[in-house]
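Please take a moment to look over the sequence and the model before reading on. The paragraphs below go from the overall fold to a few individual residues.

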Amino acid sequence: LNLNSWTLGVQYACCFGVELHINNTAALYFATKESFNVGPLDAGVIASLFGWMNLFARSSGGIMSDLGNKFQGMRGRLIAQSVCLIGEGVLLIVFSHQHKISSAIPALVAFS
């Protein structure tokens, strides 16, 4: 039983689980939140920004994790991934408090 491997696995599951949930519900969220005043087609386009940003963000997280591993071994990798996961959580909270589409889109992009 390697606790480090389990910790990394749980962190990845949390991160990827949130990503899957947002990918599946973002368009519905944008289309149904009355203060956004966005139709379904525009909501789908806005929601796709999250998926496109994940292409960049996923590799950036891997690079940060590799740098942590390079300088501090597994402890550095755990710290880098923990910082990314906490940052994701804080930005998700910020995103959830947006009431205008003009501020929700940048928050979504930053969160992804």
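What follows is a walk through this structure, beginning with its overall architecture.

The model you see is predicted, and its secondary structure comes to 3 helices and 0 strands, so that reading along the sequence gives the pattern α-α-α. Taken along the principal axes, the C-alpha atoms fill a box of roughly 50 × 25 × 20 Å. Among the contacts with a separation of 6 or more, 62% are made by residues 24 or more positions apart.

Turning to the surface, buried residues make up 25% of the 112 residues, while the protein exposes about 7,200 Å², of which carbon and sulfur atoms supply 70%. The protein also carries 6 positive and 5 negative side chains, and the centres of these two sets lie 12 Å apart.

Why does a search of the whole structure find 0 disulfides? A disulfide needs two cysteine sulfur atoms within 2.5 Å, but the closest cysteine sulfur to that of Cys-15 belongs to Cys-84 and is 8.1 Å away, which is too far for a bond. Both residues are partly exposed, Cys-15 having 25% relative accessibility and Cys-84 having 29%.

One loop residue also deserves a look. Most residues other than glycine have a negative phi. Asn-37, however, has a positive phi of about 55 degrees although it is not a glycine. Asn-37 is found in the loop between helix H1 (3–32) and helix H2 (40–96), and with 71% relative accessibility Asn-37 counts as exposed, because exposed here means over 50%.

Methods
Residues are numbered from 1 along each chain as its sequence is written. This is a predicted model: local features need pLDDT of at least 70, side-chain atom pairs count only at pLDDT 80 or more; totals for chains, interfaces and linings use all residues. Side-chain values use heavy atoms; hydrogens and water are left out. Buried means under 20% relative accessible area, exposed over 50%, partly exposed in between (1.4 Å probe, protein chains only). Helices (H or I, at least four residues) and strands (E, at least two) are DSSP runs, numbered from the N terminus. Contact means heavy atoms within 4.5 Å. Accessible areas come from the Shrake-Rupley method with a 1.4 Å probe; for residues, only the protein chains shown count as cover. Lys and Arg count as positive and Asp and Glu as negative; His and the chain ends are not counted. The place of a charge is taken as NZ of Lys, CZ of Arg, CG of Asp or CD of Glu.
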